[in-house]
2 protein chains.
Amino acid sequence: MNLQDALASQGETISALLDRLLPPVEGPRGRVVEAMRYSALSGGKRLRPFLVRESARLFDVPEERALRAGAAIEMIHCYSLIHDDLPAMDDSDLRRGRPTAHVAYDEATAILAGDGLLTEAFTVLGDPQTHDSAAVRIELVRHLAAAAGAAGMVGGQMIDMSPARAHLDLAGISHLQSLKTGALILFSCEAGAILAQAPDTARKALVGYAQDLGLAFQIADDILDAESTPEALGKPTGQDASLGKATFVGQLGIDGARVKAVSLAASAAQRLDLFGQKADLLKEAAAFVVSRQS
Amino acid sequence: MNLQDALASQGETISALLDRLLPPVEGPRGRVVEAMRYSALSGGKRLRPFLVRESARLFDVPEERALRAGAAIEMIHCYSLIHDDLPAMDDSDLRRGRPTAHVAYDEATAILAGDGLLTEAFTVLGDPQTHDSAAVRIELVRHLAAAAGAAGMVGGQMIDMSPARAHLDLAGISHLQSLKTGALILFSCEAGAILAQAPDTARKALVGYAQDLGLAFQIADDILDAESTPEALGKPTGQDASLGKATFVGQLGIDGARVKAVSLAASAAQRLDLFGQKADLLKEAAAFVVSRQS
């Protein structure tokens, strides 16, 4: 199966699973569940669950277990998008080609929908139905909480909102990326190894892959923000420049950024050599991440 | 030890533990950690950790384990206060006698501090240092996520923000309370039984106690909101009436509400008879909850 087909079919599988895992819209609390569903079932590349599934496949972990962990991670990703888009944060109106949650609903509902998705992710990981041992489930919880918390996404978003953000140098931007988007991408790849209780060498190879991939992903994002259109991207473009944020493109130039992204993608792929052909889709994903148009 | 001394000494212990568990204020993400600490270390009754510790003591669970679970629950409680106080929600300026987080910092930082505390709670429960088995830790995670999520606090806050809120009848207000504040109080009491892997009869007795206590607590809150002053309470009063919210006081009258709260406190205490003298502090706590002045 090629990468495009794999991503497309996996996207549908994850959406169907999220639809099953999220609570039904009913009763007086229905509005917040509706907003959670609106945001979590709005498409997107579903890259993170894909990384979980493919990293788990390296160790022959049954797909069903990987999918549930992937769904939990996607909930965390969607929560972070809702909160990042809020008026007090990036104040974005458009996401995945649709009005953001606080526009489609209202600010209070959007804040609560984010809180709800963040919490629901832990419900999913805690559920005994995953057939994972308690030891595996609690390790997933611990790593997911670390990736999402003040030492990960929350800390990254704080830096992204800080006055110092405008003047970050290359090391500062890279650090920001490693927290804001890198930590969850890293955990997505590590999750496969955790599910399999894989040996350290394999786990380290995946960590190296994820770090290169995450950085390449962010550089590609900066390039798209500078060069693409809202129509192609499904969200506003040119935001970093208009907000005066330092970016990889600003630091390296557009050509320099492109060279860096491609070289990181190649390095990411190389780190998976020890897994042989089983890692082909993950290697393709690294190339895709820097060549994507949206 | 009497209840007041027990609450005071336990409050200090929990604050010291939260201080140890929360990340240090450092680096460019420092501001969000500062806001997390500002809100989590601002005092408060620490009733929920007290309920964990006392319910755990019924089964001779080592105090250290109960304290960690209690700290995680207190983080969730503090996160919910930060988000409930936001301009888009209750728009409150005062909490525990100090400016709320979005006033002391800013809205973005307050949203992130709430997200950070919510996430950190799961880091604490996931930590192998608790000496709890993986099975116990994952059960705590699962129950805490359920209490905090759309079927618990998030759902309750959604109802509290809904247009239907003004016209709730007694059953509706009770349902709202069971989600918004009841679920976490219930989990606080159940946590002791989970830590001990206690038998069903004991667990059910604690659940009954917690349900009565939670409802009594909320009715007492409504009475204080109607009768107390911001100085005594450390937060604005008369809010329910000015926002046109249906309350227990509105439904039952002030005397009716008082009678109901006292009778629930008595019922709560009775449910713990099977534990003998070991439950004395929990019984006193039920009486305290309805007689407190703040």
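User: Where does Asp132(B) lie in chain B?
Analyst: Asp132(B) is in the loop between H6 and H7 of chain B. Helices here are DSSP runs of H or I with at least four residues, strands are runs of E with at least two, and both are numbered from the N terminus.

User: Before we go on, what kind of model is this?
Analyst: It's a predicted model, where local features need pLDDT of at least 70, side-chain atom pairs count only at pLDDT 80 or more, and totals for chains, interfaces and linings use all residues. Residues are numbered from 1 along each chain as its sequence is written, chains are lettered from A and ligands numbered from 1 in the order in which they are written, and side-chain values use heavy atoms, with hydrogens and water left out.

User: Ok, is Asp132(B) buried or exposed?
Analyst: Asp132(B) is buried, at 6% relative accessible area. Buried means under 20%, exposed means over 50%, and partly exposed is in between (1.4 Å probe, protein chains only).

User: Which residues does Asp132(B) touch?
Analyst: Not counting residues up to four places away in sequence, Asp132(B) touches Arg65(B), Arg137(B) and Leu195(B). Contact means heavy atoms within 4.5 Å.

User: And what about Val136(B), which helix is that in?
Analyst: Val136(B) sits in helix H7 of chain B. Val136(B) is buried too, with 3% relative accessibility. Leaving aside neighbours within four places in sequence, Val136(B) is in contact with Ile194(B), Leu195(B) and Gln197(B).

User: Switching topic: how many residues of chain B are in contact with chain A?
Analyst: 45 residues of chain B are in contact with 45 residues of chain A. The two chains bury about 3,600 Å² between them, and 80% of that is on carbon and sulfur atoms. Buried area is the accessible area (1.4 Å probe) that two parts lose on being put together, summed over both.

User: Which three residues supply the most on the chain B side?
Analyst: Leu112(B), Ile138(B) and Met158(B), which supply 17% of the area that chain B buries against chain A.

User: How many salt bridges are there across that interface?
Analyst: The rule finds zero between chain B and chain A. A salt bridge is a side-chain nitrogen of Lys or Arg within 4 Å of a carboxyl oxygen of Asp or Glu.

User: Which helix gives the most to the side of chain B that touches chain A?
Analyst: That's H6(B), with 13 residues.

User: How do the two chains line up?
Analyst: A turn of 180° and a shift of 0.0 Å along the axis lay chain B on chain A with an RMSD of 0.0 Å. That is the relation of a two-fold axis. Copies are superposed by least squares on the C-alpha atoms of residues with pLDDT of at least 70 in both. Also, 100% of the interface residues of chain B are interface residues in chain A as well, so the copies meet through the same surface.

User: Back to salt bridges, how many does the structure hold over all chains?
Analyst: There are 46 over all chains. One of them joins the side chains of Arg203(A) and Glu190(A), at 3.2 Å from N to O. Arg203(A) is in helix H10 (residues 200–227) of chain A and Glu190(A) is in helix H9 (residues 170–196) of chain A, 13 residues apart.

User: Are those two buried or exposed?
Analyst: Arg203(A) is buried at 17% relative accessibility, and Glu190(A) is buried at 12%.
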